[in-house]
Amino acid sequence: MGASEETPGDGDMKKEDGAVYLRKKITLVRAISLTIGTIIGSGIFISPKGVLKNSGNVGLSLIIWVLCGVLSMCGALSYADLGTSIKKSGGHYIYLLETLGPVPAFLRLWAEFVMIRPANIAVVCLAFGRYLIEPLFVPCNAPDIAVKLISSLGIVMIIALNCWSVTWSANLQMAFTALKFVAIALIIIPGMMALTDGHTENFQDAFDTTSLALDKIPLAFYSGMFAYGGWFYITFVTEEIVNPERNIPITVVVSLIIVTVCYLLTNVSYYTILTANDVLTSQAVAMSFAERTLKQASPLISILVAMSCFGALNGGIFASSRMLFAASREGQWPPLFAMIHIRRHTPLPALLLMMPLVFLMIGIGDLYGLLNFYSFSRWLFMGLCTIGLIIHQRKYPDLPRPFKVPLLIPVVFSTMCLFIVALSLYSDPVNTGIGCLITLSGLPMYYLTIHRQRLPEGWRHAFNRLTMKLQVVMEVIPQEKKTY
């Protein structure tokens, strides 16, 4: 959803001529709103601490924020090439399936729903919970148990909303997108005013190397790229975009330019008001900033940030359900997850599947550990997607490509992704190693899925009966019309 994948709005899954299928409801304005809304979530309000901690100084951290924007643009342009030549929804999964084959695609799917998506949602949920209740405990930090409880309630509300109505989620998402810009404006404006008044003391030793640790730079990129995460969500809903050949490229370019400028100005504002030590010791950077600038009105920024997180969750959950929906349609996931509710017109089974592991990740609760934990697989497969684009361009030179990027762009993006992933194994071997092992655990599941016809007949019948019973209980049916 973000500004919302959900923005398809007006019942993007509804009956027409007796068929249930995904409707083309995402116009250019909705696509831009969707993309910006999913990118700007919790990242800019929590990642500055992670970027600064691992970059070692203020100057390098600002450079990393800009480089993350440039790197995201390279990835987004590469995905725009794939999205305009491969017309299926499903994002990463579909592109890997079409370019590198079923095994990488399944491993991406496995990593997405066992690790990447639950951890990502948990990170944003924890930020939502902390910012929502932090004002109640000032000057102390909010208890972790309270943050986790509020975070869990938030995710239940969002999944229930997505299960209930696409249109309600879409309309609510538009409001959340507007609130994101209000929150960012309340940070940028006071910071720029202070900077123009001559408050530059926090930038005097911006490139001090005393805390610089080159082996931690990949982790700084992880935190920065987390804040930019969401530019790819538009490709999860390709089948629902009006004129995707034109609108996907325009959407990613416009969205990332706006977001990169906003992020840079926001970080400059943070460092104008807060010292590097203030940022590193803060549990909620935006809240610490607001306490210095907005004084008695500081709880307002906390609530706005919480709503921004809520909106990003809304978008991410919607988009992820579409990847699972696409994988089930391709036969690499149980068929139940390619079904939608007959009255609510929502992918109910795909949405419900995410809840248990999200609760587990929230229980773990180490926000920055979770970032490193899932970032390994996330960026590994993004790099593989753009490698797939290079192979696809060479393998199908005559395939119509409404938007073709120069070869240099996917090469740069792939190289940077794989370089960061490789160094992260050295920088944080525990979390990244666990992420690698969990990804590889998908191999036996892949062969079990592919060769499920070899399972004992009794098992297959039991599985089919269970699917039918769940289908009746959930009131879901397969999509009835091809949309690609």
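**Note on a buried serine, helix α18 and the largest pocket**

1. In this predicted model, Ser 377 counts as buried because its relative accessibility is 0%, and a residue is called buried when this value is under 20%. Ser 377 belongs to helix α15, which covers residues 367-395.

2. The surroundings of Ser 377 deserve attention. Leaving aside neighbours within four places in sequence, Ser 377 is in contact with Ala 111, Met 115, Ile 116, Gly 435 and Thr 439.

3. Helix α18 runs over residues 442-450, and its buried residues are Gly 442, Tyr 446 and Thr 449. Seen down the axis of α18, these buried residues fall within an arc of 65°, so they line one face of the helix. The elements covering them include α5 (102-133) and α17 (429-440).

4. The next topic is the largest pocket. The space in this pocket amounts to about 510 Å³. Its lining consists of 18 residues, and those nearest the centre are Pro 334, Thr 449, Arg 452, Leu 455 and Phe 463. Thr 449 is thus named here as a lining residue and is also one of the buried residues of α18.

5. Which helices each supply at least two residues of the lining of the largest pocket? They are α5, α18 and α19, the last of these spanning residues 457-474. The largest share of the lining, 5 residues, comes from α19.

6. Sorted by class, the lining of the largest pocket has 11 nonpolar residues, 5 polar residues and 2 charged residues.

Methods. Residues numbered from 1 in each chain as written. Predicted model: local features only at pLDDT ≥ 70, side-chain atom pairs only at ≥ 80, totals over all residues. Heavy atoms only, no water. Buried < 20%, exposed > 50% of the residue type's maximum accessible area, 1.4 Å probe, protein only. Helix = DSSP H or I, 4+ residues; strand = E, 2+ residues; numbered from the N terminus. Arc of directions from axis to C-beta. Contact = heavy atoms within 4.5 Å. 1 Å grid on protein atoms, 1.4 Å probe; cavity = no way out; pocket = protein on both sides within 12 Å on 5 of 7 lines; lining within 4 Å. Points joined across faces, edges and corners; volume = space filled by probe spheres on them. Nonpolar A, V, L, I, M, F, W, Y, C, P; charged D, E, K, R; others polar.
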